[in-house]
Amino acid sequence: MIAASAGVLPLDGALVEPALSAPLSARADVADRALVKRGSGEIQPVLALADISLSFGGVAALRDIDLEVAQGEIRAVIGPNGAGKSSLLNVISGLYRPDRGRVWLGEHSFGHVPTARLAQHGVARTFQNLAVFKGLSVRDNVLMGVAHRVRAGFLRQIAGSPLARRIEAENRAAAEDVIGFLHLREVCDRAAGTLPYGLQKRVELARALVARPLLLLLDEPFAGVTLGEKHELAAHVRNARDSYGATIVLIEHDIGVVMGLSDRVAVLDYGRKIADGTPDQVRSDQAVVDAYLGVAHADETEFAL
Amino acid sequence: MFDYQFLIEVLVGGLLSGVMYSLVAIGFVVIYKTSGVLNFAQGAMLLFAALTFVSLVERGVALPLALLATLAIMVALGVAVERTVLRPLVNQPPITLFMATLGLSYVIEGAAQLLWGTQVHGLDIGISDVPLDIVGVFISRFDLFAAAVAGSLVALFALFFRTTRTGLSFRAVADDPFAALAVGLRLPRVWAIVWTVAGIVALVAGLLWGARLGVQFSLSLVVLKALPVLVLGGFDSIAGAIVGGLLIGAIEKLAEVYVGPLVGGGIEAWAGYVVALVFLLVRPSGLFGQKLVERV
Amino acid sequence: MDATSNPRQTLPVIDRILIGIGAVITFGVIPLAGSDYLMDAVLTPFLALALAAAGLNVLTGYAGQVSLGSAAFLAVGAYAAYNLHLRLPELPLLLDLVLAGLVAAAIGIVFGLPSLRLRGFYLAVSTLAAQFFVQWALTKFGWFSNDNPSGVIDAPALTIAGYSFTSAAGRYLFSLAVVTVATILTLLLLQSQTGRNFIAVRDHEIAAKVIGVPLLRTKLLAFGVSSFLIGVAGVLWAFAYLRTVEPAGFNLDRSFQILFIIIIGGLASLRGAFLGAAFIVVFPLILSRLGAALLGGVFDSGVLEMSQRIVIGALIIAFLIAEPRGLIALWDRFRAASAAWTGLRKTFPATDTSRS
């Protein structure tokens with residue numbers, strides 16, 4: 001029951017880097033990034049997809065998808081099962097190579113996003129099926145999110161060279177910060193695999209946030225969690241943007257939560273983008289209503305919410 | 001002047017011994033297909049079957065009776081394995097199951113030799129190994145017989161899997177264990193039957209290999225010959241096991257004859273592995289194995 | 001001791017005292033008071049096997065890459081040290097030891113290359129290639145055994161800086177010192193970011209890749225470190241324990257034995273490697289005494305070997321079913337229970353690294 005109650009737990013004293021301090025540093029961070037943008041001329045979207053198409057053995061999963069995500073927004077991509085949402089996220093994170101089209105991450109454009117360099121480009125993601133490192137403690141899971149910053153070779157790590165120690169200390173401080181921010185302090189020494197589902201999802205979010213990504217991709221963050229956890233998780237997602245300055249793209253099956261959370265929503269159906277706009281625009285879009293309520297998809301979506 | 005006739009002889013000899021590899025590999029595939037277990041104990045089962053049969057015959061049991069008794073024992077073994085090893089480990093990661101079968105192979109090997117002793121037994125199945133002259137190419141009569149047995153075994157399996165109800169349920173389980181469970185197939189029963197089938201394959205392979213090498217501990221090492229075959233053909237394809245076996249058999253012999261002298265010989269021990277490995281790096285799921293699209 | 005703990009954290013006082021007592025006993029009391037039989041036939045092979053198992057555990061337990069070729073790297077270490085000593089006699093023995101480990105690491109990295117594309121069984125099968133290839137090369141090429149017609153090598157006497165370590169106690173102490181240093185360094189590695197990367201690759205390769213863990217480097221490093229440790233263990237096995245070595249001593253059964261040590265002792269735990277090695281060394285001794293006492297003459301060496309196989313095999317299955325975390329989990333539970341009973345400690349670390 002830690003999951004449900006952690007949100008109201010008093011933060012424990014001495015060790016806690018207070019969650020309140022995070023926004024300050026994060027805001028400074030965001031301001032810096034904005035400056036860079038202004039310096040380089042016109043404002044670029046954090047993420048842009050141009051004309052992305054993907055098929056598996058002749059079956060089209062994505063067709064001519066265009067999408068732009070502006071700095072600091074929470075962008076949802078919704079659609080019925082099999083609409084291509086996961087494929088879209090996997091194209092953005094480079095796990096799939098699109099047949100056609102380009103992915104822009106800031107000013108860099110890719111035909112096939114290099115997965116191994118995502119972190120350097122300031123992109124982090126979570127997975128639909130839990131992808132925590134079960135055998136590592138919660139703290140070590142979070143530390144993994146900044147693994148790419150460890151530049152010291154393994155011999156220096158063994159010997160504890162000044163460089164290795166400094167990076168380790170910085171990473172640990174960053175991890176403690178996120179652990180406090182997401183109220184994971186109580187469980188931070190436990191092996192992640194032993195935690196309840198909702199809490200593991202939060203560990204994954206912490207692992208993605210610790211590097212303070214420019215762009216955070218969330219793959220069905222609300223799938224499989226209880227209603228109480230849903231509201232809590234939604235608050236965490238909003239905080240991730242407000243306090244950590246991350247631009248967020250989330251794909252979701254359950255539209256109810258998404259409508260209240262997102263700034264803009266894109267709707268996929270059969271691999272095509274059928275609508276794109278504010279939640280209100282999308283809600284009243286005839287094509288969307290057809291896709292969700294039409295005979296073809298009898299889904300259990302909570303559209304009325 | 002290159003001696004083509006010799007080349008053909010080597011090639012045919014290799015292909016035929018490859019059939020023997022296939023025979024062992026099929027035992028693996030049957031189990032892997034239905035339960036996702038790479039059964040390292042297949043070699044031990046082969047040893048156990050051959051040793052049991054030979055020992056019964058040596059104690060004066062009539063041939064057909066000994067065959068039936070061995071068959072019955074292999075069935076019992078299959079059921080026992082399902083009960084004591086597989087059922088408690090259901091839903092464990094495949095590699096755990098693999099390690100369990102490693103342990104199982106130790107148990108079966110130990111038990112076989114504790115029961116029947118460690119001495120080498122001759123096994124005569126009445127096929128002379130006089131070479132047959134076919135248009136100038138000498139071919140081992142024994143190898144031909146083995147190939148015929150392997151061929152009919154495969155045909156039998158194909159018939160069984162396609163036409164009988166049990167066979168159909170195997171294929172359902174192989175396709176999707178959860179769906180199979182949902183429509184009411186009893187997995188434990190299917191697994192027990194599968195292990196029994198693997199036991200029968202082990203018996204046939206054990207008799208053929210035993211007739212060639214003598215029935216002794218090293219018989220269980222033929223499993224090591226079957227592994228590159230499986231890697232090449234894919235763990236889940238009977239056709240792959242056959243083609244893979246033929247390929248490995250032929251390549252091994254050709255390599256030994258034509259490459260071996262350059263490096264001091266004896267490369268049969270690892271030539272198959274190297275070939276399988278190089279192939280794997282190009283095509284990670286084997287010749288006929290299903291390509292898995294990784295879902296994330 | 002496990003991967004979840006902080007690096008370089010200060011140990012509780014009681015643990016420091018225990019480690020101190022342990023050091024006094026292992027480095028002082030045993031060499032002085034222990035019998036030659038104990039050191040020669042029990043402790044020295046135990047140390048070599050424990051180090052080899054620790055090496056395999058880095059690869060299989062932590063980084064999740066199953067290997068069936070450990071004995072090959074034992075052999076590479078042993079033969080490399082032998083040849084270094086033979087052909088470059090001016091090098092000090094300790095340098096031979098480290099270089100032999102590095103040779104094993106290099107070969108390990110070569111055979112680890114397939115791990116970039118292969119997983120699970122496929123990788124396990126491909127490590128068999130290392131096993132057969134190395135054994136073949138050592139048998140086929142006389143150069144490795146200095147053209148000794150039997151292929152057997154006589155290990156040189158252990159002499160370091162003029163001091164001879166040829167007595168049973170000397171060879172035990174030499175092994176103990178090497179294993180202690182190697183274990184401490186391994187522990188430091190496993191507690192660093194590299195150790196976390198190993199487990200991350202084991203538990204979820206794709207997530208690790210997305211985060212920016214360099215898969216290629218991490219896996220090859222695991223193969224390299226693992227083979228280094230196993231190679232050094234091979235030197236101990238050859239120079240300190242057997243003193244004569246032939247390729248047949250490093251066969252597939254030896255590889256399985258090392259794998260069994262970590263399954264029984266505990267995957268992803270260095271302590272487990274030691275516990276498992278102790279079990280594998282002591283168990284046959286107990287079994288033979290027990291068998292002889294119960295069955296008398298019927299229990300000859302053949303029967304002993306077979307019953308040993310059966311029991312070890314059955315134990316593997318039993319542990320995988322009942323306690324996949326091995327003896328070390330039983331030991332931790334026992335310690336927790338006894339600590340709670342005596343009230344010495346209020347808390348006990350409940351976390352442990354689970355397996356893949």
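User: What share of the 296 residues of chain B count as buried?

Analyst: In this predicted model, chain B holds 11 helices and two strands, and the elements run α-α-α-α-β-β-α-α-α-α-α-α-α from the N terminus on. The surface that chain B exposes is about 12,600 Å², with carbon and sulfur atoms supplying 69% of it. A residue counts as buried when its relative accessible area is under 20%. Of the 296 residues of chain B, the share that counts as buried is 51%.

User: Among contacts in chain B with a separation of 6 or more, how many, as a percentage, join residues 24 or more positions apart?

Analyst: The contacts considered here are those within chain B whose partners have a separation of 6 or more in sequence. Within that set, the part that comes from residues 24 or more positions apart is 72%.

User: Which helix of chain B gives the most residues to the side that touches chain C?

Analyst: The contact takes 49 residues from chain B and 39 residues from chain C, and the area buried between the two chains is about 3,900 Å², of which carbon and sulfur atoms give 81%. In chain B, the residues B:Met99, B:Tyr106 and B:Trp270 lose the most area to chain C, together 18% of what that side buries. Across this interface the rule finds two residue pairs in polar contact, both at pLDDT 80 or more, and helices H3 (63–86), H4 (94–116), H9 (222–233) and H11 (268–282) of chain B each supply at least two residues of the side that touches chain C. The helix that gives the most to that side, with 16 residues, is H4(B).

User: Which side chains meet in a salt bridge at 2.6 Å, N to O?

Analyst: Across the interface of chain B and chain C, the rule finds one salt bridge. With a distance of 2.6 Å from N to O, this lies within the 4 Å cut-off for a side-chain nitrogen of Lys or Arg and a carboxyl oxygen of Asp or Glu. The side chains that meet are those of B:Glu109 and C:Arg309.

User: Which helix gives the most to the nonpolar patch on the surface?

Analyst: The patch is formed by B:Phe2, B:Tyr4, B:Phe6, B:Tyr258, B:Val259, B:Leu262, B:Val263 and C:Phe141, which together have about 750 Å² of accessible area. Helix H1 (4–35) and helix H10 (238–263) of chain B each supply at least two of its residues. With four residues, the helix that gives the most is H10(B).

User: Is B:Tyr4 buried or exposed?

Analyst: B:Tyr4 lies in helix H1 of chain B and is one of the residues that form the nonpolar patch. Because its relative accessibility is 53%, and the limit for this class is over 50%, B:Tyr4 counts as exposed.

User: How far apart in space, C-alpha to C-alpha, are A:Asn171 and A:Ala211?

Analyst: A:Asn171 is found in helix H6 (residues 162–181) of chain A, and this residue is buried, with a relative accessible area of 3%. Not counting residues up to four places away in sequence, A:Asn171 touches A:Leu143, A:Val146, A:Arg149 and A:Val150. From A:Asn171 to A:Ala211 there are 40 residues in sequence, while the C-alpha to C-alpha distance is 8.9 Å.

User: Why does A:Gln200 count as buried?

Analyst: A:Gln200 has its place in helix H7 (residues 197–209) of chain A. Not counting residues up to four places away in sequence, A:Gln200 touches A:Leu130, A:Val132, A:Lys134, A:Ala192, A:Gly193 and A:Leu195. Buried means under 20% relative accessible area, and A:Gln200 counts as buried because its own value is 5%.

How values were computed. Residues numbered from 1 in each chain as written. Chains lettered and ligands numbered in written order. Predicted model: local features only at pLDDT ≥ 70, side-chain atom pairs only at ≥ 80, totals over all residues. Heavy atoms only, no water. Patch = residues over 30% accessible without salt bridge, like charges linked within 9 Å, V, L, I, M, F, W, Y side chains within 5 Å. Areas by Shrake-Rupley, 256 points an atom, 1.4 Å probe, with all protein chains shown as cover. Buried < 20%, exposed > 50% of the residue type's maximum accessible area, 1.4 Å probe, protein only. Contact = heavy atoms within 4.5 Å. Buried area = accessible area lost by both parts, 1.4 Å probe. Polar contact = N/O pair within 3.5 Å; in protein donor to acceptor, adjacent residues only side chain to side chain.
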